[in-house]
Amino acid sequence: MEKQASQGSFVTHGRQDILTAATGRLEHPGRVCAAKFGVIIKQYFGPAPRISCTSSSMVPEDLEQLTQKIRVQLEESITEKVTRQIMLSFSQIQS
């Protein structure tokens, strides 16, 4: 993980930092480790940045894979429906 972080392939996002990723556990919400008693996250790190509705928490590669998967499923669904309609029309014409 340290090597990934130094190469830039591991990107922190919000509370998902390298320690959290390595241990697999989130820290207790509302508390800051290694700070004096009673210090909350907002006091230590400042206010949370505003996140727009258009921003995504997905890695671009994962988003591209998901988009491709949805595209393939949509194409298969459309092909199936068009084939059914053509077969129905063909059978009506033969009748």
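## Overall fold

How many helices and strands are there in the chain? In this predicted model, the count is four helices and zero strands. Following the sequence from start to end, you read the pattern α-α-α-α.

There isn't much burial here: of the chain's 95 residues, 4% count as buried. Now take the contacts with a separation of 6 or more: 6% of them link residues 24 or more positions apart. The surface exposed by the chain comes to about 8900 Å², and carbon and sulfur atoms supply 59% of that area.

## How far to trust it

The chain has a mean pLDDT of 77, with 62% of its residues at 70 or more. Compare the elements and you get two ends of a range: α4 has the highest mean pLDDT, at 93, while helix α3, residues 41-45, has the lowest, at 69. A word of caution: where pLDDT is low, don't read the predicted coordinates in detail.

## A salt bridge in helix α4

Helix α4 covers residues 60-94. Within helix α4 sit both Glu80 and Arg84, four residues apart, or about one turn of the helix. Their side chains meet in a salt bridge, with an N to O distance of 3.0 Å. The count for this model is one salt bridge.

Is Glu80 buried or exposed? Neither, quite: Glu80 has a relative accessible area of 48%, so it counts as partly exposed, because that label covers values between 20% and 50%.

## A nonpolar patch on the surface

Which residues make the nonpolar surface patch? Met58, Leu63, Leu66 and Ile70 do, and the patch measures about 320 Å².

Leu63, one of these four residues, has its place in helix α4. Leu63 is partly exposed, because its relative accessibility is 36%. That value also clears the patch cut-off, which asks for over 30% relative accessible area.

Notes
Residues numbered from 1 in each chain as written. Predicted model: local features only at pLDDT ≥ 70, side-chain atom pairs only at ≥ 80, totals over all residues. Heavy atoms only, no water. Patch = residues over 30% accessible without salt bridge, like charges linked within 9 Å, V, L, I, M, F, W, Y side chains within 5 Å. Areas by Shrake-Rupley, 256 points an atom, 1.4 Å probe, with all protein chains shown as cover. Buried < 20%, exposed > 50% of the residue type's maximum accessible area, 1.4 Å probe, protein only. Contact = heavy atoms within 4.5 Å. pLDDT = per-residue confidence, 0-100.
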